[in-house]
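Me: Hi! I would like to learn how to read a protein model step by step. Could we go through this one together?

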Amino acid sequence: MNIQKRKGGCQCGEISYELSGLPIALYRCHCTDCQIGSGSAFGMSMWVRQYDFNLTQSRGLPLGVLESFVRTADSGAKIEGFFCGSCGVRIYAKAALLDSKYIVLKPGTLQDTDDLRPSADIWIQSKQEWFELPTNTKHFHGQPLPEELIGSYEEVKLS
Ligand SMILES: [Zn+2]
Ligand SMILES: [Zn+2]
């Protein structure tokens, strides 16, 4: 059992968390929602086990509580995003289409990401024209099945 611990948090420092265990999936999403949400060309998502994720600080709120809002994704699924109420940085989301024992972490909030590589590019039908798809990821036009994302990440870990 890998008990590697990672730390992460928001930009203003009010929210901190610890993550143990290994990710289940890690990919880039080029849907229009992720472009708006990230203010960039794509969003990155990392699935981790809910019980591997622990808030260690949420200043201004009871510990373990974050601000949240619910949106409907391009796939039609409801997603609840959790963010810092002070600086607005998104920390993680819970997606209706995903088993409730997993959460979707925003991996850019981690301090150390050296050993993490995305295994897939999804919603490439709405990707920015200039973004050249890498040859070492799986490509999906829209929303893949959870098993496809988990499977592609397994392959990356083995290679
Ligand atoms: Zn913050
Ligand atoms: Zn997306």
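Me: Let's start with helix 2: which of its residues are buried?
Reply: Happy to help, and please keep in mind that this is a predicted model. A residue counts as buried if 20 or more other C-beta atoms lie within 10 Å of its own. In helix 2 the buried residues are Leu149, Ser152 and Tyr153.

Me: Where do those buried residues of helix 2 sit when you look down its axis?
Reply: Seen that way, they fall within an arc of 100 degrees, so they line one face of the helix. Turned away from that buried side is a face with exposed residues. The buried residues themselves therefore sit on one face of helix 2.

Me: Which exposed residues does the face turned away from the buried side of helix 2 carry?
Reply: For a residue to be exposed, 12 or fewer other C-beta atoms may lie within 10 Å of its own. On that face of helix 2, the exposed residues are Glu147, Glu155 and Leu158.

Me: What covers the buried residues of helix 2?
Reply: The neighbours to look for are in a sheet of eight strands, an open one with the order 6-7-8-9-4-3-10-11 and mixed pairing. Helix 2 packs on this sheet, and its direction makes about 110 degrees with that of strand 3. The cover over its buried residues includes strand 3, strand 10 and strand 11.

Me: How many residues does helix 2 have, and how far does it reach from its first C-alpha to its last?
Reply: Helix 2 covers residues 146–158. At 1.5 Å a residue, a span of 18 Å is expected, and the model comes close to that. Helix 2 has 13 residues and reaches 19 Å.

Me: Which strands are at the edges of the eight-strand sheet?
Reply: Try reading the two ends of the order 6-7-8-9-4-3-10-11. An edge strand here pairs on one side only. The edge strands are strand 6 and strand 11.

Me: How many bridges join strand 6 to strand 7?
Reply: Strand 6 (residues 67–72) and strand 7 (residues 78–83) run antiparallel. One place to see this is Glu67, which stands opposite Phe83 in strand 7. The hairpin of these strands has five residues between them, and Gly76 there takes a positive phi near 95 degrees. The bridges joining strand 6 to strand 7 number six.

Me: Which residue in strand 8 is the bridge partner of Ile79?
Reply: Strand 7 pairs with strand 8 (residues 90–95) in the antiparallel sense over five bridges. They form a hairpin with six residues between them, where Gly88 in the turn has a positive phi of about 80 degrees. Glu80 stands opposite Lys94 in strand 8. For Ile79, the bridge partner is Ala95.

Me: Why do strand 1 and strand 5 each have one side without a neighbour in the sheet?
Reply: They belong to an open sheet of three strands with the order 1-2-5 and antiparallel pairing. Strand 1 (5–9) and strand 5 (53–58) stand at its edges, so each has a single partner strand.

Me: Which residue of strand 5 stands opposite Glu18?
Reply: Strand 2 (residues 15–20) is joined to strand 5 by five bridges, and the two run antiparallel. Opposite Glu18 in strand 5 is Asn54.

Me: How many helices and strands are there in the protein chain, and what is its radius of gyration?
Reply: The chain has two helices and 11 strands. For 159 residues the globule rule gives 15 Å, and the chain is close to this, so it is as compact as a globular protein of that length. Its radius of gyration is 15 Å.

Note on methods: Residues numbered from 1 in each chain as written. Chains lettered and ligands numbered in written order. Predicted model: local features only at pLDDT ≥ 70, side-chain atom pairs only at ≥ 80, totals over all residues. Pairing = 2+ DSSP bridges. Helix = DSSP H or I, 4+ residues; strand = E, 2+ residues; numbered from the N terminus. Rg over C-alpha atoms; globule rule 2.2 N^0.38 Å. Contact = placed C-beta atoms within 7 Å. Axes fitted to C-alpha atoms, helices over the stretch in contact; angles between N-to-C directions. Expected span 1.5 Å × (residues − 1). Arc of directions from axis to C-beta.
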